[in-house]
Amino acid sequence: MESIDIHKFGGSSLATSEQFRSVHKKLSKNKQILVVSAIGNTTSLLEKCVFDAQKNNDFAKKLEQVKQAHLKIISDLFSPENQTQLKAQLQIDINQIEELLGVLALFKMNHFEINEIVMAYGEQWSAKILVQILNEKKT
């Protein structure tokens, strides 16, 4: 029976571009399952954005921090031509988060599903960045 390696990388192990590179070096050639968390303090910042929106407070600065942290990692890891798709998707996602948070602010409500959707973006971004690294190393 073929073995499968399972790796879980928490937010602190993905906080910088160097840590993403380190994660890549740790991966074996065996079949693997990778589970990643949001980078650094992304989850807590997104959580604060949700809380601020529910209270109709400004969330833009915190969301900008999240965006800039991811842009820095993308810029550090990839050549300019390989950054385009990730940066475009990040901007689309940030725009969607702003719309979702705007709904929370408008209705001054706590909506579990919207909270969960916003929180999930952090893990999705980490996964997309790691997939890009793995795909680049194959070629």
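**Salt bridges, helix H2 and a nonpolar patch**

Asp-52 has a relative accessible area of 10% and therefore counts as buried, the cut-off for that class being under 20%. The structure described here is a predicted model, and Asp-52 serves as the entry point to it. The residue belongs to helix H2, where it is one of several buried positions. Its side chain meets that of Lys-62 in a salt bridge, with a distance of 2.7 Å from N to O. This pair links distant parts of the chain, since Asp-52 sits in helix H2 and Lys-62 in helix H3 (residues 60–77), 10 residues apart. The two partners fall into separate accessibility classes: Asp-52 is buried, whereas Lys-62 is partly exposed at 23%.

The overall architecture provides the setting for this contact. The protein contains 5 helices and 2 strands, and from the N terminus on these elements follow the order β-α-β-α-α-α-α. The C-alpha trace spans about 50 × 40 × 20 Å along its principal axes. The protein has 139 residues, of which 37% count as buried. The exposed area amounts to about 8,300 Å², and 55% of it is supplied by carbon and sulfur atoms. When contacts between residues at least 6 apart in sequence are considered, 73% of them join residues at least 24 apart.

Helix H2 covers residues 42–54 and has 13 residues. The distance from its first C-alpha to its last is 18 Å, close to the 18 Å expected at 1.5 Å a residue. The buried residues of the helix are Thr-42, Leu-45, Leu-46, Cys-49, Val-50, Asp-52, Ala-53 and Gln-54. After H2 comes Asn-56, which has a positive phi. The phi of Asn-56 is near 60 degrees, and the residue is not glycine. Asn-56 is placed in the loop between H2 and H3. With a relative accessible area of 42%, Asn-56 is partly exposed.

The salt bridge between Lys-62 and Asp-52 belongs to a total of 4 found in a search of the whole structure. Another is formed by Asp-76 and Lys-72, whose closest N and O atoms are 2.8 Å apart. Both of these residues lie in helix H3, with a separation of 4 residues, or about one turn of the helix. Asp-76 is partly exposed, at 33% relative accessibility. Its partner Lys-72 has a relative accessible area of 51% and is therefore classed as exposed, the threshold being over 50%.

A further salt bridge joins the side chains of Lys-128 and Asp-93, at 3.7 Å from N to O. Here too, distant parts of the chain are linked: Lys-128 is in helix H5 (residues 112–138) and Asp-93 is in helix H4 (residues 80–107), 35 residues apart. Asp-93 is buried, with 3% relative accessibility, while Lys-128 is partly exposed at 31%.

Helix H4 also contains Gln-83. At 9% relative accessibility, this glutamine counts as buried. A polar atom of the Gln-83 side chain lies 3.5 Å from the backbone oxygen of Ser-75. With neighbours within four places in sequence left aside, the residues in contact with Gln-83 are Ile-74, Ser-75 and Phe-78. Ser-75 thus appears both in this contact list and as the residue whose backbone oxygen is paired with the Gln-83 side chain.

The strands contribute to a feature of the surface. A nonpolar patch of about 360 Å² is made by Ile-4, Ile-6, Ile-33 and Val-35. At least two residues of the patch come from strand S1 (4–9), and at least two from strand S2 (31–36). Ile-6, one of the patch residues, is located in strand S1. Ile-6 is exposed, because its relative accessible area of 62% is over the 50% limit for that class.

Technical notes: Residues are numbered from 1 along each chain as its sequence is written. This is a predicted model: local features need pLDDT of at least 70, side-chain atom pairs count only at pLDDT 80 or more; totals for chains, interfaces and linings use all residues. Side-chain values use heavy atoms; hydrogens and water are left out. The expected span of a helix is 1.5 Å times one less than its number of residues. Buried means under 20% relative accessible area, exposed over 50%, partly exposed in between (1.4 Å probe, protein chains only). Patches are made of residues with over 30% relative accessible area and no salt bridge: like charges are joined within 9 Å, nonpolar side chains (Val, Leu, Ile, Met, Phe, Trp, Tyr) within 5 Å. Accessible areas come from the Shrake-Rupley method with a 1.4 Å probe; for residues, only the protein chains shown count as cover. Contact means heavy atoms within 4.5 Å. A polar contact is a pair of N or O atoms within 3.5 Å; within protein, one must be able to donate a hydrogen and the other to accept it, and residues adjacent in sequence count only if both atoms are side-chain atoms.
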